[in-house]
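Let's take a walk through this structure together, one stop at a time. Please have the sequence and the model open beside you as you read.

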Amino acid sequence: MINELKILLEMQKRDDTIGEKELLTKMLPEQLNSLRTNLRNAEEELTLVKHNLEENLKNQKMKELLIKENTDKINKYKNQLLSIKTNKEYKALNSEISHLENRNSDIDDEIIVLMEEEVILRDELAAAQKEQSRTEQELRNNEEKLKNKIEQVKEEIVSIRNERNKLAEKIPINLLNRYAALIKNKGRKAVVFNLNNACSGCGFNIRPQLVIEINEGVNIVSCENCGRIIVNKPQDEN
Ligand SMILES: [Zn+2]
């Protein structure tokens, strides 16, 4: 194989690696974002459960106060009963007392429902606190690692790109332009292989005459369908 083809092949290897690493530079920040989102969701859930529990306790306290107010009234009315003169007044006051007693009994039932809810909310709170610390820990454990990894991959890309550019200096500009256009337009694949007499880039069959030329490795042979440069796969590679 002539030197230009060997160089193009080497450049393609670098571009393959750059492609993989660029994918990583997208995936790693997504991983980091997803850890941050998990923590934010856990914090929101914790805030919500805390709020619900506070409301529940506030409600219980309010109802207890109401019961106390009613009880005070009941006691006051019961005292008044002792000094009442007419039957009519007696009946009215008695009915007010029994109304308040019924009311208190209802409020008591409501408090019991709230207390049952409180038990559930406290369980939810414990679970939300656990999830919050878990996601916080997970982010703390991985944030630096992921940030470093992202930086590392970016540096690797720069370094591999430099290697590729150095290789590019060794081939004629028209060939380089052709390579660059293929990389840009053909899914980052400019140099492909003869795979059982078909283009490994698009699967198009290679004419026998072109197969011979590829085997000779002197001319730069392009796929007649996709335009990619076809070479034979070097023997020492899989
Ligand atoms: Zn092709």
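Our starting point is Gly217, which sits in the loop between helix H4 and strand S3 (221-222). Keep in mind as we go that this is a predicted model. Is Gly217 buried or exposed? With a relative accessible area of 6%, Gly217 is buried, because buried means under 20%. Which residues does Gly217 touch, once those up to four places away in sequence are set aside? The partners are Met1, Ile2 and Leu5. For a sense of distance, look across to Ile173: 44 residues separate Gly217 from Ile173 along the chain, and their C-alpha atoms are 20 Å apart.

Step back now into helix H4, which covers residues 208-216 and holds Gln209. Gln209 has a relative accessible area of 43%, so this residue counts as partly exposed. If you trace from Gln209 to Glu155, you cross 54 residues in sequence, and the two C-alpha atoms lie 44 Å apart in space.

Our next stop is helix H3, residues 173-185. How does the span of this helix compare with what its residue count predicts? At 1.5 Å a residue, its 13 residues should span 18 Å, and the end C-alpha atoms are indeed 18 Å apart, so expectation and model agree. Within H3, the buried residues include Leu175, Tyr179, Leu182 and Ile183. These four lie on the same side of H3, because they cover an arc of only 100° around the axis. What do the buried residues of H3 pack against? Their partners are helix H1 (3-82), strand S1 (191-195) and strand S4 (229-231). Turn the helix around, and the face pointing away from the buried side shows you the exposed residues Ile173, Asn174, Lys184 and Asn185. Just after H3 comes Gly187, with a positive phi of about 55°.

Let's move to helix H2, residues 87-168, where we find Ala168. Ala168 counts as buried, because its relative accessibility is 10% and the cut-off for buried is under 20%. Apart from its neighbours within four places in sequence, Ala168 is in contact with Met11 and Leu176. Ala168 and Glu10 are 158 residues apart along the chain, yet 9.7 Å separates their C-alpha atoms.

Helix H1 brings us to Lys21. Is this lysine buried or exposed? Lys21 has a relative accessible area of 18%, so it falls under the 20% limit and is buried. Leaving out residues up to four places away in sequence, Lys21 touches Val153, Glu156, Ile157 and Ile160.

One last feature is worth a look: the space enclosed inside the protein. How many cavities of 30 Å³ or more are there? The count comes to one, and the largest cavity holds about 30 Å³ of space. To find the largest cavity in your viewer, select its lining: Cys199, Phe204, Asn205, Ile206, Leu210, Cys223, Glu224 and Ile230. Sorted by class, that lining has six nonpolar residues, one polar and one charged.

Methods:
Residues are numbered from 1 along each chain as its sequence is written. This is a predicted model: local features need pLDDT of at least 70, side-chain atom pairs count only at pLDDT 80 or more; totals for chains, interfaces and linings use all residues. Side-chain values use heavy atoms; hydrogens and water are left out. Helices (H or I, at least four residues) and strands (E, at least two) are DSSP runs, numbered from the N terminus. The expected span of a helix is 1.5 Å times one less than its number of residues. Buried means under 20% relative accessible area, exposed over 50%, partly exposed in between (1.4 Å probe, protein chains only). The arc is that of the directions from the helix axis to the C-beta atoms. Contact means heavy atoms within 4.5 Å. On a 1 Å grid over the protein atoms alone, a cavity is a set of points where a 1.4 Å probe fits but cannot get out, and a pocket is an open set with protein on both sides within 12 Å along at least five of seven lines; lining residues have an atom within 4 Å of a point. Grid points are joined across faces, edges and corners, and a volume is the space filled by probe spheres set on the points. Ala, Val, Leu, Ile, Met, Phe, Trp, Tyr, Cys and Pro count as nonpolar, Asp, Glu, Lys and Arg as charged, and the others, Gly among them, as polar.
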